[in-house]
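Subject: Structure for you to look at

Hi,

Here is the structure I promised to pass on, with my notes on it underneath. Please open it alongside the text and tell me what you think.

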Amino acid sequence: MPCEGCPTFMIAATYDAGSWCKTWASVEYEGHETRPRMRSICNRLPQKARRLGISETHFLNMPHCAAWLYDWFMRMKPTATQTQDVAQDMVSRIGCGRLLDIGTGHGRLLFEIHRLNPTLELFGLDISPAMIAVAKKNLKDISSDLRQGRSEHTDYPDDFFDLVTCTGSLYLWDYPEEGLEEIFRILKPGRSAYLFEVYKDVDPDAFQSALRAHLRELDPIRRLLGPYALRKALRIAYRMDEYVAMIKSTSFVYSFTIEKIQLASVPMWLRIVLTKTLG
Ligand SMILES: C[S@@+](CC[C@H](N)C(=O)[O-])C[C@H]1O[C@@H](n2cnc3c(N)ncnc32)[C@H](O)[C@@H]1O
């Protein structure tokens, strides 16, 4: 269990604020003693966020150094390859128009998409001002609309986007159903959102062997932090049936698919396709 001043704190902060918050809040969830300040924050959280052990407040307050560390950490080969895989997938589905990346973080997915198709109009949204600052730096030579904001309440017009994407963020949202309803509102009719999420009930053997293969390629620091970060993400993530139940409670109920896929040869991802059909 982490304690104040423990190296685990830095490791978790390097990964992302969500995991960091989970580190503390899970202590309360599991019935152990919690730091008083965290306990009072947790008590104010909505029920769902408490179950996940995170809150949007923590992303809002993410320090700039944590966002920079996250960007550095995610530059390792397996995650860069994951981003390239998702970018390839996205440009194969849209030739022109407006593309939004929700929970864009460091903005590297938008960068890759632009490299593959410079004609797309790119938009990025993230709740964390620190992450948006990093994304602006990474996309400084690329025309893009990067905004700080919440998935569940954006200021884009109705029927605005030709494609919405989101990688490794939905599982961190306080209000995932509301976020999905917002995606429904801002998508053009007939268009789709593509969400790439890790899921808790991943096949542990396949996951472990893929992880071992990747670890050999990493520098010592990332070799140490990588498995820790991944396991944390899997602990926080929903099970596949929970994602299905979540989507079924939204306007995408009759028009979604969910499949297990590999990104960078790691079999821990779901590709969730949500299509906006009317009537
Ligand atoms: C694990 S990072 C993923 C970043 C990037 N998509 C990637 O693949 O590396 C999750 C991101 O989601 C953002 N986020 C969390 N909750 C959000 C919300 N409700 N609305 C928008 N962004 C959110 C966080 O600030 C963080 O940048």
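Strands E1 and E4 (residues 161–167) run parallel to each other and are joined by 4 bridges. Please keep in mind throughout that this is a predicted model. Within that pairing, Leu 99 sits across from Leu 163 of E4, and Leu 100 has Val 164 of E4 as its bridge partner.

E1 itself spans residues 98–102, and 4 of its 5 residues are buried, which leaves the strand mostly covered. E4 can be described in a similar way: 6 of its 7 residues are buried, so the rest of the structure largely encloses it.

Each of these two strands also pairs with another neighbour. E1 pairs with strand E2 (residues 121–126), again in the parallel sense, over 5 bridges. If you want a landmark there, Asp 101 has Gly 124 of E2 as its bridge partner. The path between these two strands goes through helix H8 (residues 108–116), and E1, H8 and E2 form a right-handed β-α-β unit.

For E4, the other neighbour is strand E5 (residues 187–198); the two run parallel and are joined by 6 bridges. Thr 165 is a handy place to look, with Tyr 194 of E5 as its bridge partner. Here too there is a right-handed β-α-β unit, made of E4, helix H10 (residues 176–186) and E5.

Stepping back to the whole chain, you will find 13 helices and 7 strands. Of the 279 residues, 42% are buried. If you take the contacts between residues at least 6 apart in sequence, 70% of them join residues at least 24 apart.

Now to the ligand, which I suspect you will turn to quickly. Its shell consists of 20 residues, and the closest are Gly 103, Gly 105, Ser 128, Ser 151 and Ser 169. By type, the shell divides into 8 nonpolar, 8 polar and 4 charged residues. Helix H5 (56–60) and E2 each contribute at least two residues to it, so E2 comes up here as well as in the pairing with E1.

Where does the ligand lie with respect to domain 1 and domain 2? It lies between them, because both domain 1 (7–65) and domain 2 (71–203 + 227–275) give residues to the shell.

Finally, two backbone details to check. Most residues other than glycine have a negative phi. Asp 159 is not a glycine, yet its phi is positive, near 50 degrees. You will find Asp 159 in the loop between strand E3 (144–148) and E4. It has 14 other C-beta atoms within 10 Å and is partly exposed.

The other one is Ser 265, with a positive phi of about 65 degrees although it is not a glycine. Ser 265 belongs to the loop between strand E6 (256–263) and strand E7 (266–275). Is Ser 265 buried or exposed? Ser 265 is exposed, with 12 other C-beta atoms within 10 Å; the cut-off for exposed is 12 or fewer.

Do write back once you have had a look.

Best wishes

Note on methods:
Residues are numbered from 1 along each chain as its sequence is written. This is a predicted model: local features need pLDDT of at least 70, side-chain atom pairs count only at pLDDT 80 or more; totals for chains, interfaces and linings use all residues. A residue is buried if 20 or more other C-beta atoms lie within 10 Å of its own, exposed if 12 or fewer, and partly exposed in between; C-beta atoms are placed from the backbone. Two strands pair if DSSP finds at least two bridges between them. A crossover is right-handed if, with the strands pointing away from the viewer, the path from the first strand over the helix to the second runs clockwise. Two residues are in contact if their C-beta atoms, placed from the backbone, lie within 7 Å. A residue is near a molecule or strand if its C-beta atom, placed from the backbone, lies within 6 Å of it. Ala, Val, Leu, Ile, Met, Phe, Trp, Tyr, Cys and Pro count as nonpolar, Asp, Glu, Lys and Arg as charged, and the others, Gly among them, as polar. Domain bounds come from an automatic or database domain assignment.
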